[in-house]
Amino acid sequence: MAAEQACFHCGEPVPPGVDLTVTVDGEPQPLCCTGCHAVATTILGSGLDAFYRFRPGPTGQPEDLSAASASRYASFDRERVQKDFVYCAPDGTRETSLLVEGLYCAACGWLIENSLDEAEGVEEVRVNPATGRAILRWDPARVPLSQLMAHMGRLGYRPHPVMPEANDAQAEKERRYALRRLVVAGLGMMQAMMFAVALYSGQFHGMDTIYEDFLRTVSMLVATPVVLYAGLPIFLGAIRDLRNGRPGMDVPVALAIGGAYSASVWITFAGGPEVYFDSVSMFTFFLLIARYVEMSARHRANATTDALGRLVPGTAVRIGAGGEEEVPVRDLEVDDQVLVRPGATVPADGRISQGESSLDESMLTGESEPRTRTIGDPVVGGSVNLGDSFHMRVERVGQDTTVSHIARLLRRAQSQRPRIARLADTAGRWFVTAVLIASASVFAAWWQVDPSLAFPITLAMLVATCPCALSLATPTALAAGTNRLAGSGLLVTQPDALETLARVDHVVLDKTGTLTEGRLSISEVRNSGRLDEQAVMELASALEQHSEHPIARAFPAPRSLRADSATVTRGGGVEGEVDGRRLRIGRPDWVAALAGQQAPAADERGAWIALGDEQGVLASFRLADQVRPDARLAMEQLREQGIAVEIGSGDSPGAVEAVASELGISAWQARMSPEDKLQRLYTLQAQGATVLMVGDGINDAPVLAGANVSAAMNEGTALAQTTAGMILLGGRLEHLAAGMETARATLRTVRQNLIISACYNASMLPLAALGFIPPWLAAIGMTASSLVVVLNSRRLAAARPRQGDTRIPATSVREGQPA
């Protein structure tokens, strides 16, 4: 019988029938489960083979996807529970956002991403250390959510579903624990410093050994809870990093604190020149201050997304067979009838089925004026009823609503890291390794020169060069910048969009649905004089009620007249009888043919339709797509920033020229196919331009994808929004200029943070290695650099958008019309 094999990674026996191996140093090594295979493959694939050569023994089983610990998260597999925080995509996959405990730096995020990427059924995982959240997309037919959450737990990170109420409780719990440890560290530091003053004075003025031993002993008693309680998260983080073969910033910090404390305890009992309880306590206290500030910044970064979830009320009044009943919003289903009383918040997306009212949609659209809604009009969950009661039919609930859609896009944007963030993460990982190697070399060198100085100098070097500021430099600024963009109406959905937006010098805009509202309206009426204008409008409205063409929406509902025997002629219009009079409305030549006449001449600007009877044309209507109210201001703001603006549209030359003239845009092209638009884009890029494309339709998708960076209107098609790197919320073009200013400010802040952290570490490393910096001063310098980086990033969140609109906008995704 073959000898039982042990797992190369964890040391556990390999179960019969399991054939999983990895190749280490050219030799195949057995593994016991998919969890060990995932972690071992990640470690080897990252070039960390040395982990297996230098480890003292088997690592211990990191994760077994069938482990019993998954039962802790079993309740999250229930459909009813997932309805509150899981989005079901059309392709059958599911997506959720998880709040991750113990996520402190980019190395933590890297480990979670690479480990879960190897797990069966995982389609995508993105982690943002700045917000402490992870976006997870998986196939529920292949793996349940509970096993993936247990996978994260085995790595040392405990996940929680992102729900506003639970998030508040979790944030408050984290804040309490951090404050408790901070208080312990602060009190311990003050006492240790007080005893240290006495010890230092004794070295200069003389002190009996009994008193020196007493002061050292009480300093040890004071510093012990600081190290073992207040500093416990630091040691747990370092152990986790080493266990996973991924050294992060906790490793040098834990070495410094643990080494200084252990050496001081030894000196206290065995005798020696100096103890470092004061430096240990001070370093721990200052480090906890920096982490508390970073935690507060992370909570603020999550506030925008969480605020969206609070817009929807907890209960709704459902109208059923038994009358009205108040039910939780999570129990609403599609096609339910809901009563919305005056002052109440709309609980879900739907349409008014009875009554009419005015709705405050300011938190969703950024518009302060109430919107009038009547029967058939859409209403968005989160808006407030300012008028009379009305009934609505529910169309979207749970994670399918507008509010959830925007929150999901924002979380995804925050979880993705642009190129500059990835470069900073790589630099941080190499810097930690370099610091550990340099510290060992400095210790060896000073041991040869003066053994009594070797330990304090190495300690100061580990403390001073802790890469906390480098790890925080990019994610804190990007989180603040992304939130500020969302607050000013521009939602970033792709990782490199913000960085590219800051370099844009040329903007190409679609016309229909982008510069214009995408809805036809009557801009001119030419009356023949046989009837007054009110009468011809009433007749036209009666006929258009029988048409589904978009032109029909430009006419109001008729007040009293009704068309009988109405028929729709494809390419012509509508024909019917109103009060015994045979009428036509539609293409002018088709209408004139009813009376055997020629169509009246009309200019090219706008679309013309005619209304006529058997005696001739009664009136002609010019239909035009109205320019967005803020379009002119937006174009002026872009030109003030030195950005070239042009229009690329598939519409007629007359219509495009009219819009370009009204907006003061000199460069425009008409009747462009998607291929023409894409070719124009390539021409601009070949000339060295960084191009922002703004569009809304399906035909804009190729050029949106081909641009350096792109933005889709919130009313645009789902394909356009998926292709674009940003979404303009509230349909406000003026957000573009403010967004570019914010993007540039964000990149400036990132560069400032990187320069601050790089200069600090570059200057402190040689000074500490040469012995010019004592451990206590190193602790102050390390904390100061981290605080400067975080506070510098906070300036982005504190700054106000140009328009002064700080409300959280949202969008409803509706089908737009192509240009």
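Which residue stands opposite Asp349 in S16? In this predicted model, the residue opposite Asp349 is Arg396 of S16. The two strands concerned are S11, which covers residues 349–354, and S16, which covers residues 390–396. They run antiparallel and are joined by five bridges.

S11 and S16 belong to an open sheet of six strands, in which the order is S9-S8-S10-S16-S11-S14 and the pairing is antiparallel. The edges of this sheet are occupied by S9 and by S14 (378–379); each has a single partner strand, so one side of each is left without a neighbour in the sheet. Within the sheet, S8 (residues 315–320) is paired with S9 (residues 323–328) in the antiparallel sense, over six bridges. Thr315 stands opposite Pro328 of S9. The connection from S8 to S9 is a hairpin of two residues. S8 also pairs with S10 (residues 337–340), again in the antiparallel sense, here over three bridges. In this second pairing, Val317 is placed opposite Leu339 of S10.

Salt bridges were then examined. The structure contains 22 of them. A network of salt bridges links four residues, namely Asp335, Arg351, Arg393 and Glu395. Given the residue ranges of the strands, Arg351 falls within S11 and Arg393 and Glu395 fall within S16.

A further salt bridge is formed by Arg137 and Glu124, with 3.3 Å between the closest N and O atoms. Arg137 lies in strand S6 and Glu124 in strand S5 (residues 122–128), so this pair ties together parts that are 13 residues apart in sequence. The two partners fall into separate accessibility classes: Arg137 is partly exposed at 22% relative accessibility, whereas Glu124 is buried, with a relative accessible area of 12%.

The salt bridge between Lys677 and Asp510 has its closest N and O atoms 3.5 Å apart. Lys677 is part of helix H22 (residues 674–686), while Asp510 lies in the loop between strand S18 (506–509) and helix H17 (511–515); the pair therefore ties together parts that are 167 residues apart in sequence. Lys677 is buried, at 6% relative accessibility. Asp510 is also buried, with a relative accessible area of 0%. In the salt bridge between the side chains of Arg587 and Asp589, the N to O distance is 2.6 Å. Here Arg587 is partly exposed at 38% relative accessibility, and Asp589 is partly exposed with a relative accessible area of 40%.

Strand S6 (residues 133–138) also contains Ile135. The relative accessible area of Ile135 is 4%, which places this residue in the buried class. Ile135 and Leu99 are 36 residues apart along the chain, and their C-alpha atoms are separated by 9.2 Å.

Cysteine pairing was considered next. The count of disulfides is zero. Among the cysteines, Cys7 is buried at 3% relative accessibility, whereas Cys759 is partly exposed with a relative accessible area of 48%.

The remaining results concern annotated segments and the surface. In an unreviewed entry, UniProt lists residues 182–202, 214–239, 251–269, 275–293, 427–447 and 776–793 under "transmembrane region". Two of these spans were described in terms of their secondary structure. Residues 214–239 are 96% helix and 0% strand, and the end C-alpha atoms of the span lie 33 Å apart. For residues 251–269 the corresponding figures are 100% helix and 0% strand, with the end C-alpha atoms 27 Å apart.

Val183, Leu187 and Met190 make up a nonpolar surface patch of about 290 Å². One of these residues, Met190, is located in helix H6, which spans residues 164–205. Met190 is partly exposed, at 49% relative accessibility. The three patch residues have numbers that fall within the span 182–202, one of those that UniProt lists as "transmembrane region".

Key:
Residues numbered from 1 in each chain as written. Predicted model: local features only at pLDDT ≥ 70, side-chain atom pairs only at ≥ 80, totals over all residues. Heavy atoms only, no water. Pairing = 2+ DSSP bridges. Helix = DSSP H or I, 4+ residues; strand = E, 2+ residues; numbered from the N terminus. UniProt positions renumbered as here; feature names shortened; annotations may be inferred. Disulfide = S-S within 2.5 Å. Buried < 20%, exposed > 50% of the residue type's maximum accessible area, 1.4 Å probe, protein only. Patch = residues over 30% accessible without salt bridge, like charges linked within 9 Å, V, L, I, M, F, W, Y side chains within 5 Å. Areas by Shrake-Rupley, 256 points an atom, 1.4 Å probe, with all protein chains shown as cover.
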